[in-house]
Amino acid sequence: MYVLLFQPSKIERVMELLNEFKIHVSNINNYQQVVVSGLKKEVYEQLQQLKLKAREEKLRLRAIDLKVNVAFHNPIMRPIESELRTVIENSVTGEDLAVPVLSNLNGELVEKDVWTQVENIVQVTSRPVQFLKCLGYFTRPEVLNEKQVHFYNFGGATHGIIGKFYSDFAKLNGLSEDKLDFKNVVVDDPVALLDFSDKYS
């Protein structure tokens, strides 16, 4: 797996090139970061071709090897889906979610049906994580105008991705970042956050 970094305004062109070179996208994280995956030798060679094309187009593109041995969110993982579905189904109690869940399979809100969310979790095992779509949900006018959005992150990776998303969203849409009412914090004590969520679920 490799994380690709590029200028936020170039995301559409990067996605076109990834499709052209048949490079599987595992995560679309924000406007300037996607993760790609595949068989080690094959994805490495595909990326060399992509970099050459990017250079020709004067497109600044950086690829960082994530040094993992499993191609997550890739069709390679499809054979485990049936077993994973069974494991999750056997651990589910009740028919309704305690709180709505924003699915990273498609960036859509699952309000109640627990089985829809179970299927979303299973399917994203072999399909791309649509984190950019999830973040985009929070910039919809009906969400932005309703209340402040709070992000609680267990570590710095998502904290950085979210911060860059809001900064890029403001620039790409000619907005002041001050107009985007959100909090983005790293949680050091997950237990405290669970206590917090219990109060508001």
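In this predicted model, Lys-22 sits in the loop that runs between helix 1 (11-20) and strand 2. The backbone here has a feature worth a look: the phi of Lys-22 is near 55°, a positive value in a residue other than glycine. For context, most residues other than glycine have a negative phi. Lys-22 has a relative accessible area of 67% and is therefore exposed, the cut-off for that class being over 50%.

A second lysine can be described in similar terms. Lys-58 is not a glycine either, yet its phi is positive, at about 55°. This residue belongs to the loop between helix 2 (40-56) and strand 4. With a relative accessibility of 72%, Lys-58 counts as exposed.

The strands that follow these two loops lead on to the sheet. Four strands make up an open sheet in the order 2-3-1-4, and their pairing is antiparallel. Strand 2 and strand 4 (61-65) have a single partner strand each and stand at the edges, so one side of each is left without a neighbour in the sheet. From one strand to the next, the twist averages 25°. Between strand 2 and strand 3 (residues 33-37), the antiparallel pairing extends over 5 bridges. One residue pair can be named here: Asn-30 has Gln-33, in strand 3, as its bridge partner.

Gln-33 appears again in the lining of the second largest pocket, together with Asn-27, Asn-29, His-73, Asn-104, Val-129, Phe-131, Ala-157, Thr-158 and Ile-161. The space in this pocket comes to about 180 Å³. At least two lining residues come from strand 2 (24-30), and at least two from helix 7. Helix 7 provides the largest share of the lining, with 3 residues. By character, the lining of this second largest pocket comprises 6 polar and 4 nonpolar residues, with no charged ones.

Helix 7 also takes part in the aromatic contacts, to which the description now turns. A pair of aromatic rings is described by the distance of the centres and the angle of the planes. The structure contains 7 aromatic pairs. One of them joins Phe-138 and Phe-151 in an edge-to-face arrangement, with 5.2 Å centre to centre and 80° between the planes. This pair links distant parts of the chain, 13 residues apart: Phe-138 lies in the loop between helix 5 (131-137) and helix 6 (141-144), while Phe-151 lies in strand 7 (residues 149-153). Both Phe-138 and Phe-151 are buried.

The rings of Tyr-166 and Phe-182 form a pair of another kind. Their planes are at 10° and their centres 3.8 Å apart, so the pair is stacked; the cut-off for stacking is planes under 30 degrees apart. Here too, distant parts of the chain are linked, with Tyr-166 in helix 7 (residues 156-172) and Phe-182 in strand 8 (residues 182-186), 16 residues apart. Tyr-166 has a relative accessible area of 1% and is buried. Phe-182 has a relative accessibility of 19% and also counts as buried, because the class covers values under 20%.

The residues of both pairs come together in one aromatic cluster, whose members are Tyr-31, Tyr-137, Phe-138, Phe-151, Phe-165, Tyr-166, Phe-169 and Phe-182.

Note on methods
Residues numbered from 1 in each chain as written. Predicted model: local features only at pLDDT ≥ 70, side-chain atom pairs only at ≥ 80, totals over all residues. Heavy atoms only, no water. Phe/Tyr/Trp six-rings, centres within 6.5 Å; stacked < 30°, edge-to-face > 60°. Buried < 20%, exposed > 50% of the residue type's maximum accessible area, 1.4 Å probe, protein only. 1 Å grid on protein atoms, 1.4 Å probe; cavity = no way out; pocket = protein on both sides within 12 Å on 5 of 7 lines; lining within 4 Å. Points joined across faces, edges and corners; volume = space filled by probe spheres on them. Nonpolar A, V, L, I, M, F, W, Y, C, P; charged D, E, K, R; others polar. Pairing = 2+ DSSP bridges. Axes fitted to C-alpha atoms, helices over the stretch in contact; angles between N-to-C directions.
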